[in-house]
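Subject: Structure for your review

Dear colleague,

Please find below the structure that I am handing over to you. My account of what was found in it follows directly after.

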Amino acid sequence: MSFRRIPVSGFSSVVLQILARLPVKSLFRSKTVCKLWNRLSSDKYFVQLYNELSVKNPMVLVEVSEASESKSCLICVDNLRGVSEFSLDFLKDRFKVRASCNGLLCCSSIPDKGVYYICNPMTRELRLLPRSRERPVTRFYPDGEAILVGLACDSSSQKFKVVLAGYHRSFGHRSDGTFICLVFDSELNKWTKFVSFQDDHFTHMNRNQVVFVNGSLHWLTGSWSGILVLDLDCEIWRKMPLPEQVSYGSAGNRIYLLESDGCLSVVQISDAWMNIWVLKDYEREEWQLADRVSLRCIRGLVPGIFPISQTGEYVFLATHKQVLVYQRKNRVWKEMYSVKNGSTLPLWFSAHAFRSTIFSCH
């Protein structure tokens, strides 16, 4: 996609660089200044500039549900701007966040299975996805919901795809290993379907930590046998090996799949160390040990700590009641957020990597 060399007449490049670093809410408030500023957020050049800068600042999004209340709120933890709270009340439904990618969220309705929304929580844009044409007797095993939900947002083209995948169950029967994959294309506004066979299982964190890089979605398998990859262009599943040192690690190690500055990354946590591997050459599948972090300072938290989001400069991790950040350059740990009251679920259970963008879901 090509953009004008001079994005918006009346704005210097310095002013645009400043505005492109504002939080989304502040940017949208500035639209009331004048007509020129009002149309800035819809200018294609500025939208791409803003999103490119936002991609470099990943955050953590957690759902906090109070034990004494039936409703929950979303907390955004930002390494630069701290903690902010926002609501998805514009969905007008009870929901759970299933996937996050480049500023968009994929949410599923709790009372109405099979209903999915795509939204941008910062701009409060919402898109209700059409229902797939799957017959009611053909359901996902075991509870009728997709095991894997993936969201792939291409910020350059402003298009996205949603993936629902899971084991097939005919009415009255158990799964026979048939793996159904439904793919929604935002440009075509329709679902396509293809079928394969899989024998992998996935933990809760495996499902949450889906990574979109290089035109493909990636999930870590529950058996640590490798990474399950879905090539969205060819609609083909394949397996990618983990780093050799991780694949045959000793018992007690935990493994998580994240993104790191546009690359696939594996984080390995043991009792005393956190090893961060980065896939430097995607085609050759060559992994590199990028960092080795001592966990002695947070020894008491290690059994219940989970990495959620990272860059080359810092790593966000969530525990039952806290969100921590580890500054990789100066090797300092810092608490960014802590639940004050009782919460029904641990923070890591509903934590997702997040970016604040003006990506449109329409």
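The model is a predicted one, and its average pLDDT over the protein chain is 84, with 84% of the residues scoring at least 70. Residues 1-6 should be read with this in mind: their pLDDT stays under 50, and the model has eight contacts for them beyond four places in sequence.

Overall composition

The protein chain has 362 residues, of which 52% count as buried. Its secondary structure comes to six helices and 25 strands. Among the contacts in the protein chain with a separation of 6 or more, 52% are between residues 24 or more positions apart. The exposed surface of the protein chain is about 17800 Å², and carbon and sulfur atoms supply 51% of that area.

Nonpolar cores

In soluble globular proteins, nonpolar side chains tend to be buried together. In the present model, the largest nonpolar core has 38 residues, and Leu151, Phe160, Val162 and Trp237 are those with the most contacts inside it. Apart from this core lies another, of 35 residues, which includes Val64, Val302, Met336 and Ala351. To return to Val162, which residues does it touch, leaving aside those up to four places away in sequence? They are Cys106, Ile118, Leu129, Gly150, Leu151, Leu182, Val183, Phe184 and Trp191.

Two open sheets

Strands of a sheet pair through backbone hydrogen bonds, either parallel or antiparallel. One open sheet consists of four strands in the order E3-E2-E1-E25, and the pairing is antiparallel. Strand E3 (82-86) and strand E25 (352-354) are its edge strands, each pairing on one side only. From one strand to the next, the twist averages 35°. Within this sheet, strand E1 (residues 59-65) pairs with E25 in the antiparallel sense over three bridges, and Met59 stands opposite Phe354 in E25.

Another open sheet is formed by four strands in the order E13-E14-E15-E16, again with antiparallel pairing. Here the edge strands, each of which pairs on one side only, are strand E13 (211-213) and strand E16 (236-240). The twist from one strand to the next averages 30°. Strand E15 (residues 227-231) and E16 are joined in the antiparallel sense over five bridges; Leu228 has Lys239 in E16 as its bridge partner.

Strand E23 and its two hairpins

Is strand E23 (residues 322-327) largely enclosed or open? Five of its six residues are buried, that is, under 20% relative accessible area, so strand E23 is largely enclosed by the rest of the structure. Strand E22 (residues 314-318) runs antiparallel to E23 and is joined to it by five bridges. In this pair, Leu317 has Leu324 in E23 as its bridge partner, and the two strands, E22 and E23, make a hairpin with three residues between them.

E23 is also joined by six bridges to strand E24 (residues 332-338), once more in an antiparallel arrangement. Gln322 stands opposite Ser338 in E24. E23 and E24 likewise form a hairpin, with four residues between them, and Arg331 in the turn has a positive phi of about 55°.

Individual loop residues

Two further loop residues have a positive phi. For Asp261, which is not a glycine, the value is about 50°; Asp261 is placed in the loop between strand E17 (254-260) and strand E18 (263-269). Glu285, also a residue other than glycine, has a positive phi near 55° and sits in the loop between strand E19 (273-281) and strand E20 (286-294). Because its relative accessibility is 26%, Glu285 counts as partly exposed.

Lastly, Pro23 lies in the loop between helix H1 (13-19) and helix H2 (24-29). Pro23 counts as partly exposed because its relative accessibility is 27%. Leaving aside residues up to four places away in sequence, Pro23 touches Tyr50 and Arg81. The C-alpha atoms of Pro23 and Thr357 are separated by 8.8 Å, although these residues are 334 residues apart along the chain.

Yours sincerely

Conventions
Residues numbered from 1 in each chain as written. Predicted model: local features only at pLDDT ≥ 70, side-chain atom pairs only at ≥ 80, totals over all residues. Heavy atoms only, no water. Core = buried A, V, L, I, M, F, W, Y, C linked by side-chain atoms within 4.5 Å. Buried < 20%, exposed > 50% of the residue type's maximum accessible area, 1.4 Å probe, protein only. Contact = heavy atoms within 4.5 Å. Areas by Shrake-Rupley, 256 points an atom, 1.4 Å probe, with all protein chains shown as cover. Pairing = 2+ DSSP bridges. Axes fitted to C-alpha atoms, helices over the stretch in contact; angles between N-to-C directions. pLDDT = per-residue confidence, 0-100.
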